[in-house]
Amino acid sequence: MRPNRFDGFCDACSVHVAAGGGALTGLPGQWRTWCLACSPQPPERGAHDGWHRLPLASLDLETTGVDPHGDRVVSYALLDEPGFEITGLVNPGVPIPAAAAAVHGITDAMVAAAPPPADALAVVLDWVDTLVQRRVGLVVFNACYDLTMLRAEAVRHSLPQPDWDRLLVVDPYVVDWGIERGQLGQRRLVDVAAYYGVSVDGAHDATVDARAAREVAVELAARHAEVGGTPLEDLMTHQRAWYADRAADWNSYARRVGRELDDPDGWPLTG
Ligand SMILES: [Zn+2]
């Protein structure tokens, strides 16, 4: 959801909405303008019990680019119980493209003295393994990007890997899609966070993003009883299905315009 760029009329109450004075949702060809009073809001928090009341870990990576199979990790944030945060830089061994540095602000000079991937990512992979052992859910926004890259790095550097099939993942991007079915338009972390009232002060810093993603996951579960009340083992199945639906939706568009297709079975790791 974003501000409406053009004058329009509220989809609900028909009041005139000046450019920038309301909200815009939807998809190309199906835009909907809303006055502030009528703009879509998440439901209130419920009193139900669920996984949002249990310890929940969170992970975010900053990287050299957008290809999870070929690009490299340059920083990581691992959030566990309160007070337990591991963050670090990685010297990826390849130059950081200017476009990537412009997103996260991490440059070649900053990682020159950082540990190589074989050392730094061993810590990350070992921590993920402890989550598998402890049965603690791991929040990752758009997991098939971060986790696929982490696995590719493990293979590249011959590092021990956790049992990915047993990892419990909560992906707020996929859960949000399962609830909204894409009707609210672009849903990057900053969009979903804004919708749920979670502040993201300094997006594209791994710690900031990991913290926001975990807060969004908690809001999703607290405000949608059918999400929070579902055991994480079962939520894995739901998220796979939602991701497959989303991929099918995307692919029907991508085929028309000649864009790259998504793998419907690509969550939480893409082959
Ligand atoms: Zn209205």
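In the predicted model, helix 5 (residues 172–180) packs against helix 7 (residues 206–223) with the two axes 10 Å apart and at an angle of about 30°. Because angles under 35 degrees count as roughly parallel, helix 5 and helix 7 are classed as roughly parallel to each other. Their crossing is left-handed. On the helix 5 side the contact involves Pro-172, Val-175 and Asp-176, and these residues meet Ala-213, Val-216, Ala-217 and Leu-220 of helix 7.

Helix 5 also packs against helix 9 (residues 232–257), here with axes 9 Å apart and an angle of about 70°. Helix 5 is therefore roughly perpendicular to helix 9. The residues of helix 5 that make this contact are Val-174, Val-175, Trp-177 and Gly-178, while helix 9 contributes His-238, Gln-239, Trp-242, Tyr-243 and Arg-246. Val-175 thus appears in the contact with helix 7 and again in the contact with helix 9.

Gly-178, a residue of helix 5, was examined individually. It has 21 C-beta neighbours inside 10 Å and so counts as buried, the cut-off for a buried residue being 20 or more. When neighbours within four places in sequence are left aside, the contacts of Gly-178 are with His-238 and Trp-242. Both of these partners belong to the set of helix 9 residues that meet helix 5. The C-alpha atom of Gly-178 lies 18 Å from that of Leu-138, a residue 40 positions away along the chain.

Leu-138 leads to the sheet of five strands. In this sheet Leu-138 stands opposite Val-169 in strand 10, and strand 9 (residues 137–139) is joined to strand 10 by two bridges, the two strands running parallel. The sheet is open, has the strand order 8-7-6-9-10 and shows mixed pairing. Strand 8 (85–89) and strand 10 (169–170) are the edge strands; each has a single partner strand, so one side of each is left without a neighbour in the sheet.

Strand 6 (residues 56–63) pairs with strand 9 in the parallel sense over three bridges, and Leu-56 has Gly-137 of strand 9 as its bridge partner. Strand 6 is also joined to strand 7 (residues 73–79), in this case by six bridges and in the antiparallel sense. Within that pairing, Thr-63 is the bridge partner of Val-73 in strand 7.

Burial was assessed along strand 6. Eight of its eight residues are buried, so strand 6 is largely enclosed by the rest of the structure. Side chains in a regular strand alternate between the two faces of the sheet. Leu-56, Ser-58, Asp-60 and Glu-62 lie on one side of strand 6, with Ala-57, Leu-59, Leu-61 and Thr-63 on the other, and all of these residues are buried, so that both faces are covered.

Two helices were found to lie across this sheet. Helix 3 (residues 117–134) lies across strand 6, strand 7, strand 8 and strand 9, and runs at about 30° to strand 7. Helix 4 (residues 143–156) lies across strand 6, strand 7 and strand 10, and its angle to strand 6 is about 70°.

A further open sheet is made up of three strands in the order 1-4-5, with antiparallel pairing. Its edges are formed by strand 1 (2–3) and strand 5 (32–34), each of which pairs on one side only. Strand 4 (residues 23–25) pairs with strand 5 in the antiparallel sense over three bridges. In this pairing Trp-34 of strand 5 is the bridge partner of Ala-23.

Taken as a whole, the protein contains nine helices and 10 strands. Its radius of gyration is 19 Å, close to the 18 Å given by the globule rule for 271 residues, so the protein is as compact as a globular protein of that length. The C-alpha trace spans about 60 × 45 × 35 Å along its principal axes. Of the 271 residues, 41% count as buried. Among contacts between residues at least 6 apart in sequence, 62% join residues at least 24 apart.

Definitions and conventions: Residues are numbered from 1 along each chain as its sequence is written. This is a predicted model: local features need pLDDT of at least 70, side-chain atom pairs count only at pLDDT 80 or more; totals for chains, interfaces and linings use all residues. Helices (H or I, at least four residues) and strands (E, at least two) are DSSP runs, numbered from the N terminus. The radius of gyration is taken over C-alpha atoms; the globule rule is 2.2 Å times the number of residues to the power 0.38. A residue is buried if 20 or more other C-beta atoms lie within 10 Å of its own, exposed if 12 or fewer, and partly exposed in between; C-beta atoms are placed from the backbone. Two residues are in contact if their C-beta atoms, placed from the backbone, lie within 7 Å. Two strands pair if DSSP finds at least two bridges between them. Axes are lines fitted to C-alpha atoms, for helices over the stretch in contact, and angles run from 0 to 180 degrees between N-to-C directions. Angles under 35 degrees count as roughly parallel, over 145 as roughly antiparallel, 65 to 115 as roughly perpendicular and the rest as oblique. A crossing is left-handed if the near helix is turned anticlockwise from the far one by less than a right angle, and right-handed if clockwise.
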